[in-house]
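Got the model open in your viewer? Let's walk through it one selection at a time, with a stop at each spot worth a look.

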Amino acid sequence: MMIAKKSIKFLTILALVFTSFSVSAENGDTTLQDDGGRVNTKAEIEAYKKHHLADSHDFTLFSYTNDKNERKHVGVPLPIIVWTSKGLRTFMSSAFHHNDDGHVVVPADGVQLTKIHSKIYELNEGETAVSFDEAHRATNAHKALDFSITKSVVGMLLVGLLMIFGFRSLAKGYKKGAIPTGFARVLEPLVLYVRDEIARPNIGEKHYRKFMGFLLTVFFFIWVSNLLGLTPLGFNITGQLAVTVCLALFTFFIVQFSANKDYWKHIFWMPGVPVAMKFILAPIEFLGILTKPFSLFVRLFANITAGHSVVMGIAALMIILKAKFGTAGATGVSVFLTLFLTLIEVLVAFLQAYIFTMLSSLFIGMAVEEHDHH
């Protein structure tokens with residue numbers, strides 16, 4: 001009970017901090033474009049889509065152009081934590097003024113730091129401005145080791161808190177009786193579904209309980225992250241390759257460290273197969289060990305990224321078709337198609353969580369299965 005009260009107090013304080021930051025719009029740079037940085041052309045739309053899909057060092061809720069043709073950003077600055085040639089440096093992302101092309105250089109206790117395409121760079125000794133080659137690569141700066149709290153990290157922390165509150169509510173519901181009440185009644189069918197339709201059939205009655213904690217965590221983490229990605233908060237957690245790779249690696253290591261001798265025997269020295277074929281099949285089977293996590297993280301990353309990209313592309317139709325159908329016509333078409341695709345994305349959010357969890361349980365089941373060779 002004390003933990004819950006402290007958690008609620010923490011969330012309240014966090015919400016107040018976010019609100020206080022968000023109410024006051026940050027001053028952005030006056031853009032060199034005559035339109036004040038508005039997204040009007042097809043090239044600008046493509047650039048905006050790339051920027052949205054990538055991770056960010058700022059938590060920007062929305063941007064607008066004021067009457068003075070200045071770009072303003074409303075949101076929350078996040079901590080920049082980087083390891084440089086002279087040690088650890090920390091400051092807030094607002095020091096970059098939302099600049100992402102290396103034009104803003106931040107002095108940080110003896111080192112000069114800048115941000116280029118969402119990457120933090122350290123300028124070489126004695127340099128005060130970034131020089132670029134023809135391919136727009138920095139020639140007098142190198143990447144710093146970045147440990148910053150990015151937007152995706154904030155999203156993962158939020159997902160973690162939601163999962164803690166949800167499962168705590170479910171646990172408290174079972175203490176009161178066999179049938180949970182309140183929000184716990186929403187979670188119970190999903191937990192039972194993961195247990196009875198995913199874990200038991202693929203892992204088996206003997207071993208499935210051991211892996212239920214991992215499977216439930218993966219399922220709900222991916223599902224809630226995908227749903228958050230459909231909100232105006234703009235999270236794209238499972239659309240980040242680093243996140244999906246880590247999830248796949250968790251499955252990979254659990255499979256390898258849980259595997260029994262039969263699993264390894266069927267990979268390196270298959271029973272009932274001629275010796276000559278064993279030497280041919282063993283490398284192929286070993287390669288299969290590595291391709292399984294690859295298929296997990298690529299499938300999740302590609303589907304979520306493609307979904308977000310299509311939804312944003314359809315939403316941009318109100319700009320692209322404005323000249324042909326007028327403001328009302330282009331907006332109507334765009335809103336209708338966007339709502340339709342968003343409903344499909346809600347289904348995809350669940351489907352991708354199900355597929356990742358299903359394949360993970362299948363790989364675990366193959367590793368712990370006890371074979372009868374008689």
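Start by selecting Tyr263, Trp264, His266, Ile267 and Phe268 in helix 7, then add Ala282, Glu285, Phe286, Ile289 and Lys292 in helix 8: these two sets of residues are in contact. Keep in mind as you go that this is a predicted model. Colour the contact by residue class and you get seven nonpolar, one polar and two charged residues.

Now switch to cartoon view and look at the pair of helices as a whole. Two packed helices are described by the angle between their axes and the distance between the axes. For helix 7 (residues 261-268) and helix 8, the angle is about 125° and the axes are 7 Å apart. Angles over 145 degrees would count as roughly antiparallel and 65 to 115 as roughly perpendicular, and helix 7 and helix 8 are therefore oblique to each other.

**Next stop: the cavities**

Rolling a probe the size of a water molecule over the atoms shows where empty space is left. How many cavities of 30 Å³ or more are there? The count is two.

For the largest cavity, select Thr251, Phe252, Val255, Gln256, Tyr263, Ile289, Lys292, Pro293, Leu296 and Phe363, which line it. You'll recognise some of these: Tyr263 of helix 7 and Ile289 and Lys292 of helix 8 were in the helix contact you just looked at. The space inside the largest cavity is about 60 Å³. Helix 6 (241-258) and helix 8 (275-315) each give at least two residues to its lining. By class, that lining has seven nonpolar, two polar and one charged residues.

Now go to the second largest cavity by selecting Leu296, Arg299, Leu300, Gln352, Ile355, Phe356 and Leu359. Two or more lining residues come from helix 8, and likewise from helix 10 (322-368). Which of the elements has the largest share of this lining? That would be helix 10, with four residues. The volume here is about 40 Å³, and the lining has five nonpolar, one polar and one charged residues. Leu296 is worth a label, as it lines the largest cavity and also the second largest one.

**On to the three-stranded sheet**

Hide the helices and pick out strands 5, 4 and 10, which form an open sheet in the order 5-4-10 with antiparallel pairing. Strand 5 (87-92) and strand 10 (145-146) are the edge strands; each has a single partner strand, so one side of each has no neighbour in the sheet.

Zoom in on strand 4 (residues 79-84) and strand 5, which run antiparallel and are joined by six bridges. These two make a hairpin, with two residues between them. To see one pairing, select valine 82 and its bridge partner in strand 5, arginine 89.

**Last stop: the four-stranded sheet**

Select strands 6, 7, 8 and 9, another open sheet with antiparallel pairing, in the order 6-7-8-9. Here strand 6 (101-108) and strand 9 (141-143) stand at the edges with a single partner strand each, so one side of each lacks a neighbour in the sheet. Rotate the view and check how neighbouring strands are turned against each other: the average is 35°, ignoring direction.

Finish on strand 7 (residues 111-116) and strand 8 (residues 119-123), an antiparallel pair joined by four bridges. Label leucine 113 and, opposite it in strand 8, glutamate 122.

Key. Residues numbered from 1 in each chain as written. Predicted model: local features only at pLDDT ≥ 70, side-chain atom pairs only at ≥ 80, totals over all residues. Heavy atoms only, no water. 1 Å grid on protein atoms, 1.4 Å probe; cavity = no way out; pocket = protein on both sides within 12 Å on 5 of 7 lines; lining within 4 Å. Points joined across faces, edges and corners; volume = space filled by probe spheres on them. Nonpolar A, V, L, I, M, F, W, Y, C, P; charged D, E, K, R; others polar. Pairing = 2+ DSSP bridges. Axes fitted to C-alpha atoms, helices over the stretch in contact; angles between N-to-C directions. Parallel < 35°, antiparallel > 145°, perpendicular 65-115°, else oblique. Contact = heavy atoms within 4.5 Å.
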